[in-house]
Amino acid sequence: MKILGIETSCDETAAAIVEDGVQILSSVVASQVDVHHVYGGVVPELASRMHIEAIVPVVEQALEASGLAPDDIDAVAATQGPGLVGALLVGFSFAKAFAYEKKLPFLGVDHLEGHLYSVLLSDAPPQFPYVALLASGGHTAIYHVQAKGRYDLLGQTRDDAAGEAYDKVAKMLGLGYPGGGIIDRMACRGRPDAIDFPRPYLDKEKFDFSFSGIKTAVHRYIVSLETQLSEDLQADIAAAFQAAVVDVLAHKVLYAAEVKQCRHVAIVGGVAANRGLRERLEQEAVRKGSDLHIPPLSLCGDNAAMIAAAAHRHLQDGAETSLQDDVYSRHRRTPV
Ligand code: KG4
Ligand code: ZN
C-alpha cells in the first residue's frame, strides 16, 4: 500500500510517500523557518499563507522523487491535529481534495501518533514493547508503546514543552528562532556546571514534566546580571540550561523503561535531535543495558513520512476519515 502523507501542523510543509508503513519512497520538507525567524516565533497567519503557496509544489516533488504518478497512490493521509488550525486546514483540505478526485481512502492522523511512529521508519526500529519520550516544540510526554497502535500515556508536561523552553531561552539570549539547535550548538562551548539551574523532577517517581520553572530561573539569572551578555556567558547559560533539561528528560524516560521493564527505549520529536540528550542517553543506555533508538535527524523534526507510516495500520484495519471531518487544535482524542 503506497500512502501519500501530508503534514502542515506548524511551520513545515511536508509530503511523503511511504510503502506498507515502513519504506520511505520520498519525503520532502519545505521549512518556513527563515520567514518566522525575524518574528522570534511562528506567526500563524503567515504560516497558513506559506503552506498554501508550498503545498502543490511539495506534493509534486514528493511524487517526482518517488517515481510514482498520482494514479499509483493507494491512500491519502494528513495531519488532523493538534496544531495551528489555519495551517492544518491547508494540508488536510488538500489531502481531502486529492482523495476525492482519485477516489482513494482518506485518513486524518494525530500528529503525536505520527512522531511516535517516526522511530519505526529508522534502520534499526525498536522492538515492542518500548518506552518512548516524545519531546517537541508543542509536546513533551512519555508513552509505553505495546504494539503498533497500542500505547499508553505515562506522563506529560504540565506547562511548557521542552522544545518551547529551548525556544524561549534562546529568545532571552537574543539568539533567534527556533532556539533548540542554536542552544544545542552553543552549549558545546559552555560549562554545564557554571550555573546551577533547578531540575524540576516534580515527583521523581512520576512521569510528568514542568519546564516553565527552568525558563523562569534562566530569565531571573539574566536579569540579575545587570550587564550585557558576553558570548562566553551566553555559552555558559546555554550549557547549564541544557544540562538541567537533559537531566530531567533522561532520568524520566529511563526510569519509565525500568518501571515498565522495557529494554527498548526511543526518543522522538524535534528535541530528539539534541546532541546533549543523545550523548547522555547513549551513555546511560550502555550502563543500564537498554537498547536506545533515535530516528535520523530528518525524522526527528516535523515530516510527512511519519504521518503516512502512522496511517498505514489504521487504513489496513479499514479505518477512514469522513471528508466532512474537521481539524483540531488540541487533543481531540488520545492517540489509539
Ligand atoms: O517536532 P518538531 O519539529 O515540531 C513540533 O511538533 O513542535 O519540534 C520542534 C522543536 C522546536 O522547539 C525546536 O527548538 C526543537 O524542536 N529542537 C531542538 C533541537 N532541534 C530542534 N531542541 C533541542 N535541541 C535541538 N538540537
Ligand atoms: Zn511535531
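This is a walk through a predicted model, from its zinc site to its cores, its second ligand site and a few unusual backbone spots.

Start at the zinc ion (ligand 2). Its protein donors are His 111 (NE2), His 115 (NE2) and Asp 302 (OD). They lie 2.0 to 2.1 Å from the metal. Along the chain, the donors follow the spacing H-x3-H-x186-D. The long gap in that pattern has a structural side. His 111 lies in helix 4 (residues 111–118), while Asp 302 lies in the loop between helix 10 (297–300) and helix 11 (305–316), so the pair ties together parts that are 191 residues apart in sequence.

Now the geometry. There are 4 donor atoms around the zinc ion (ligand 2), and they subtend angles of 96 to 135 degrees. The arrangement is irregular because of those angles. For reference, ideal angles at a metal are 109.5 degrees for four tetrahedral donors.

Are the donors buried or exposed? His 111 has 6% relative accessibility, so it counts as buried. Asp 302 has 17%, and it counts as buried too, because the cut-off is under 20%.

Next to these donors sits Glu 7. Glu 7 is found in strand 1 (residues 2–7). Its relative accessible area is 0%, so Glu 7 is buried. Glu 7 touches both His 111 and Asp 302. Its other contacts include Glu 12, Thr 13, Ala 14, Asn 303, Ala 304 and Ile 307. Thr 79 is also in contact with Glu 7. Here the side chains are joined by a polar contact of 2.6 Å.

Asp 302 leads on to ligand 1. A backbone N or O atom of Asp 302 lies 3.1 Å from an oxygen atom of ligand 1. Asp 302 is thus a residue with two roles in this description: its OD is a donor to the zinc ion (ligand 2), and its backbone faces an oxygen atom of ligand 1 at 3.1 Å.

Which residues come nearest to ligand 1? There are 21 residues around this ligand, and Gly 137, Asp 167, Gly 180, Gly 270 and Asn 274 come nearest. Gly 180 offers a backbone N or O atom 3.0 Å from an oxygen atom of ligand 1. Asp 184 works through its side chain instead: an N or O atom there is 3.0 Å from a nitrogen atom of the ligand.

Turn to the nonpolar interior. The largest nonpolar core has 49 residues. Within this core, Leu 133, Phe 197, Phe 241 and Leu 249 touch the most other members. Several elements each supply at least two residues: strand 6 (130–135), helix 5 (162–172), helix 6 (179–187), helix 7 (212–225), helix 8 (231–259), strand 9 (264–268) and helix 9 (275–288). Helix 8 gives the largest share, 16 residues.

Leu 133 shows how the packing is made. Leaving out residues up to four places away in sequence, Leu 133 touches Ala 141, Ile 142, Phe 209, Leu 249, Val 253, Ala 266, Ile 267, Val 268 and Leu 277. Apart from this core lies another, of 33 residues. Among them are Val 109, Leu 116, Leu 134 and Tyr 143.

Now the backbone. Most residues other than glycine have a negative phi, and most peptide bonds are trans. Some places here depart from that. The peptide bond from Phe 128 to Pro 129 is cis, with omega near -5 degrees. Pro 129 is placed in the loop between helix 4 and strand 6. The bond from Tyr 177 to Pro 178 is cis as well, with omega near -10 degrees. Pro 178 lies in the loop between helix 5 and helix 6.

Tyr 177 also has a distant partner in sequence. Tyr 39 and Tyr 177 are 138 residues apart in sequence, yet 8.1 Å apart in space, C-alpha to C-alpha. Tyr 39 is found in the loop between helix 1 (33–37) and helix 2 (44–66). Beyond its neighbours within four places in sequence, Tyr 39 is in contact with Leu 46 and Lys 171.

Two residues other than glycine have a positive phi. For Glu 226, phi is near 50 degrees. Glu 226 lies in the loop between helix 7 and helix 8. With a relative accessible area of 74%, Glu 226 is exposed. For Gln 261, phi is about 55 degrees. Its place is in the loop between helix 8 and strand 9. Gln 261 counts as exposed, at 73% relative accessibility.

Terms used
Residues numbered from 1 in each chain as written. Chains lettered and ligands numbered in written order. Predicted model: local features only at pLDDT ≥ 70, side-chain atom pairs only at ≥ 80, totals over all residues. Heavy atoms only, no water. Donors = N, O, S within 2.8 Å, 3.2 Å for Na, K, Ca; no water. Tetrahedral: all angles 85-135°; square planar, octahedral: opposite > 155°, others 65-115°. Helix = DSSP H or I, 4+ residues; strand = E, 2+ residues; numbered from the N terminus. Buried < 20%, exposed > 50% of the residue type's maximum accessible area, 1.4 Å probe, protein only. Core = buried A, V, L, I, M, F, W, Y, C linked by side-chain atoms within 4.5 Å. Contact = heavy atoms within 4.5 Å. Polar contact = N/O pair within 3.5 Å; in protein donor to acceptor, adjacent residues only side chain to side chain. Near = heavy atom within 4 Å.
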